[in-house]
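Thank you all for coming. I would like to take a few minutes to go through one model with you, and I will try to be careful about what it does and does not tell us.

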Amino acid sequence: MSSHFYLFRTSLKNRIKAVIHKPAKLVLYLLVFAAIGGALATTLLGSGQMNHAYPTSYLLPIYFAFLLLFYGLAVQKGLSSGDTIFEMSDVNLLFVSPVNPRATLLYGLIRMAGMSFFAGFFLLFQSSTLASFGVGFDGVLILFGAFILATIVFTLLSLVIYSVTNGRPRRKRTVRILAVAVFVPLLIYTVFQIAAHGSMATGIIIQSPLLAATPLVGWASAGAIALIQGSMAAGLAWLGLLAAAGAVLFLYILFSRSDYYEDVLVATETSFERKRAAAEGDVQAAGSTTAKVKVTKTGLSGLGPQVLFYKHMRETFRKNRFGFFSLYMLVAAVIIITVSFFLRDSLGLLTLVQILMWMQVFMIGTGRGLMELYSHYIYMIPASPFQKLIWSNMEMMLKIVVESVLFLGIPAFILGSSPALTFISMLAYILFSLLLLAINFLSLRWTQANLSQGLLLIVYFFVVILFMIPGLAAAMAVFYLVGGPAAMVIALGALSAWELAAALICFVLSRQVLHNCDMPTVKK
């Protein structure tokens, strides 16, 4: 492993030198790590001060649903190009060197564990939320460790799926069927229990062995929750079963073929080319794909900047025949609706709104409106910058409206929320998404950087919090002053009004982003 250690050490040294030679980036990194340390200290000191609103066992299906998203992504990657555990530097130096391939694969897994650590780092900041389930900071660390182990196993599963199905359509169909079939017994059992016992089925489903016995996802969630509840033997048994599954996948990759380099090379090269294209501002190349696109309709409609909206709608339906109803949206809707069965109280809908807002912080940066700035078409339309910004994001906002109906409308019906509370919750979620879009454009206008990507995402969190503080303060003041059943509706109304006002201000301040030629994305 001396050559692998040398490569790791040299790469780390070069990255540190690159940061030191750029004082602005060094200051930013120091601020980011200081914020992380402060947040961890606050979380550690305050994690045990909240009342337990829900039993710890209720966290099992929520954590199950959380890991299910990563399982689905791993299967999808395996069916397309496989997952990547190497960088191009590894390909150029290790793949052509006389080193042990097994040691190289182990080196890749160690790097992947480091990436999983940063991918799940946000879990360490959720102690205040998890405390309502009776989870202390030690329990948060257990959830964090289980997440790292699960993501490693999911990546190995993705590599195995790619190795088995590459160039074999029939095998791909079989894998799709098997990937879903493992959850069918649990789904049938859940539907049967809800039909037979109604709202009383929650405890029965949680205690069901089918939930814990579901391969990979169930093992990881059941093991973590068992350790938090103090069941050391059960927790170690489930996590040990997950680790054993990962070991089997690892050995399959190692011994099934004499050379596994080809299986991981496609994903590594694809990832590298997309990063390079994005860094150069060539978003068209970064988002290109070799998959077949079925062109059903052609042509655009609208006048002036309206054409951007119709262009994005056409692209949406070309990517997915069902338009906005993508696999991600449907899976997320099923998970959120399922979670709503476990939040049957007066604050259940508010809890869902908070969760969705956190998710939207991660997802909003992938909208077509932001990506349109990397192309030249929007700059050539003879219209005001403000109109072009609005119409370029109209498709994204329409998608968010559809999401609000699925993610909040249906759960609100299950929770028995009033129509007024349902409507104002959906409005608060929609306007929060609009505010996030506006903050992204504002960051591009004044910093020439998209704060919602990479390590800058932590700075982006704090910027969003700063913008939300006045609205949250007004909502809390209204809630305590008004009181009564209508307090929540009026408080969310005040928050929605602030979100709309702040979003419009940000859009106005960022309207010159279309004329800012210093943006690194349009320098090429």
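I will begin with confidence and overall make-up, and then turn to two helices, a pocket and a few single residues.

Please keep in mind throughout that this is a predicted model. The mean pLDDT of the protein is 75, and 69% of the residues reach 70 or more. If we go through the elements, the highest mean pLDDT, 91, belongs to helix α12, residues 217–228, while the lowest, 49, belongs to helix α15, residues 283–286. There is also a stretch, residues 517–524, over which pLDDT stays under 50, although the model has 17 contacts there beyond four places in sequence.

As for the overall make-up, the secondary structure comes to 25 helices and zero strands. Of the 524 residues of the protein, 44% count as buried. When we take the contacts with a separation of 6 or more, 77% of them are between residues 24 or more positions apart.

Let me now turn to helix α9, which covers residues 184–197. Its 14 residues should span 20 Å at 1.5 Å a residue, and the C-alpha atoms at its ends are indeed 20 Å apart, so the expected and the modelled lengths agree. Which residues of α9 are buried? They are Leu186, Thr190 and Gln193, and because these buried residues fall within an arc of 70° when we look down the axis of α9, they line one face of the helix. On the other side of α9 we find Leu187, Ile188, Val191, Phe192 and Ala195, which are exposed.

Helix α21, residues 385–392, can be read in a similar way. Here the buried residues are Pro385, Lys388, Leu389 and Ser392, and they cover an arc of only 100° around the axis, which puts them on the same side of α21. Isoleucine 390 also sits in this helix, but with a relative accessible area of 25% it is partly exposed. Isoleucine 390 and phenylalanine 507 are 117 residues apart in sequence, yet their C-alpha atoms are 8.5 Å apart in space.

The next item is the second largest pocket, which has a volume of about 360 Å³. Its lining is made up of 18 residues, and those that lie nearest its centre are Tyr71, Leu157, Ile161, Val175 and Leu178. The elements that give two or more residues to this lining are α3 (59–80), α7 (137–165), α8 (169–181) and α13 (232–255).

Finally, there are two loop residues that I would like you to look at. Glycine 136 is in the loop between α6 (127–130) and α7, and at 23% relative accessibility it counts as partly exposed. Its C-alpha atom is separated by 8.7 Å from that of isoleucine 228, although the two residues are 92 residues apart along the chain.

The other one is leucine 216, in the loop between α11 (209–213) and α12. Is leucine 216 buried or exposed? At 10% relative accessibility it counts as buried, because the cut-off for that word is under 20%. What deserves a second look is the backbone, since most residues other than glycine have a negative phi. Leucine 216, which is not a glycine, has a positive phi of about 65°.

Key
Residues numbered from 1 in each chain as written. Predicted model: local features only at pLDDT ≥ 70, side-chain atom pairs only at ≥ 80, totals over all residues. Heavy atoms only, no water. pLDDT = per-residue confidence, 0-100. Helix = DSSP H or I, 4+ residues; strand = E, 2+ residues; numbered from the N terminus. Contact = heavy atoms within 4.5 Å. Expected span 1.5 Å × (residues − 1). Buried < 20%, exposed > 50% of the residue type's maximum accessible area, 1.4 Å probe, protein only. Arc of directions from axis to C-beta. 1 Å grid on protein atoms, 1.4 Å probe; cavity = no way out; pocket = protein on both sides within 12 Å on 5 of 7 lines; lining within 4 Å. Points joined across faces, edges and corners; volume = space filled by probe spheres on them.
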